[in-house]
Amino acid sequence: MRVRSTVVAASALVLCLAATGCGPDDGGDGGSDKGSGKKAAASQTPDPGSGATTGAGSPSPTPPSSGRTLTEAELAEVALTTGELPGYEIAPLEGADERGTEESRDEDCRPLTAIINGSPEPAPAATVFRTAMDTTEEGEDDQTVVTEILTSHPAGGAEELLRSVRDAVRDCAGGFRTTSADGPSTYTGVKTLPAPRAGQESFAYQVTGSLSGEKVPLVFHLVRTGSTVVTFYAANFLTALTPEVPAALVTAQAAKLP
């Protein structure tokens, strides 16, 4: 299945909700502040120390890491570039300085909202944005477009980011609501997804948003090596099918992390 998404770089904003307002749609059809289904979500959550071993892609050994907190220039150097992964064009994300302003009504769901805004927490020491487009699908409505957010963190910050997101996916499985200057937003469900083994930790999940009353599945995949985290993001604006972040993209980017 191909990833069905819009070219986020064509917008002046970072992610789906900030760029197109696919969150603000307070129709009241689900999305309690903290919903049911926590046990099911918890049973699917990979062991935080295992590197998330299920899903597409071949297992690879955990790479060594320097553990250094990279500068913005160093993050740019380890970001994938065009030519390093056949079939993909990699470019800086336009308008990356503008972030979303969603605020979760439930503190337990705040980590998910922070990533939707393009501002993972704890606050990183440096951030670099990229987009990856499948050139073999150029011109197609369902061209694969993935946003990458590379962040470096002070000691312990990268581990805390992964831990807080895992906890939020478990605690907010039934959905959550947010507010912003544009109005309220309702997210009707959160669930863990299979993730290819990559880096020292790898974790994937889906959040279901809404745009004009239609469900918009948002997929996030986080990979950590040392003090560096890469967050991959894809959305499906055409159908309600879950988009995929290609395993080859995840593993290629993870292999460059120091």
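This briefing covers a seven-stranded sheet, the helices against it, one buried glutamate and the aromatic pairs. The model is predicted: local features need pLDDT of at least 70, side-chain atom pairs count only at pLDDT 80 or more, and totals for chains, interfaces and linings use all residues. Residues are numbered from 1 along each chain as its sequence is written, and side-chain values use heavy atoms, with hydrogens and water left out. Helices (H or I, at least four residues) and strands (E, at least two) are DSSP runs, numbered from the N terminus.

**Sheet**

- The 7 strands form an open sheet in the order 1-3-4-10-9-8-7, with antiparallel pairing; two strands pair if DSSP finds at least two bridges between them.
- Strand 1 (88-92) and strand 7 (189-193) are the edge strands; each has a single partner strand, so one side of each has no neighbour in the sheet.
- On average, neighbouring strands of this sheet are turned by 25° against each other, direction ignored; axes are lines fitted to C-alpha atoms, for helices over the stretch in contact, and angles run from 0 to 180 degrees between N-to-C directions.
- Strand 7 pairs with strand 8 (residues 201-211) in the antiparallel sense over 5 bridges, and Lys191 stands opposite Gln206 in strand 8.

**Helices on the sheet**

- Helix 5 (residues 157-171) packs on the sheet and touches strand 4 (145-152), strand 7, strand 8, strand 9 (214-225) and strand 10 (228-235); contact means heavy atoms within 4.5 Å.
- The direction of helix 5 makes about 50° with that of strand 8.
- Buried residues of helix 6 (residues 247-255) are Ala247, Leu249, Val250, Ala252, Gln253 and Ala254, where buried means under 20% relative accessible area (1.4 Å probe, protein chains only).
- These buried residues pack against helix 3 (72-78), strand 3 (126-134), strand 4, strand 9 and strand 10.

**Glu201**

- Glu201 lies in strand 8 and counts as buried, at 6% relative accessibility.
- Its side chain makes polar contacts with the side chains of Arg166 (2.9 Å) and Arg224 (2.6 Å).
- A polar contact is a pair of N or O atoms within 3.5 Å; within protein, one must be able to donate a hydrogen and the other to accept it, and residues adjacent in sequence count only if both atoms are side-chain atoms.

**Aromatic rings**

- The whole structure holds 4 aromatic pairs (Phe, Tyr or Trp rings, the six-membered one for Trp, with centres within 6.5 Å).
- Phe176 and Tyr187 form a stacked pair, 4.7 Å centre to centre with 15° between the planes; stacked means planes under 30 degrees apart.
- This pair links strand 5 (residues 176-180), which holds Phe176, to strand 6 (residues 183-187), which holds Tyr187, 11 residues apart.
- Both Phe176 and Tyr187 are buried.
- One aromatic cluster consists of Phe203, Tyr205, Phe220 and Tyr233.

How values were computed: Buried < 20%, exposed > 50% of the residue type's maximum accessible area, 1.4 Å probe, protein only. Phe/Tyr/Trp six-rings, centres within 6.5 Å; stacked < 30°, edge-to-face > 60°.
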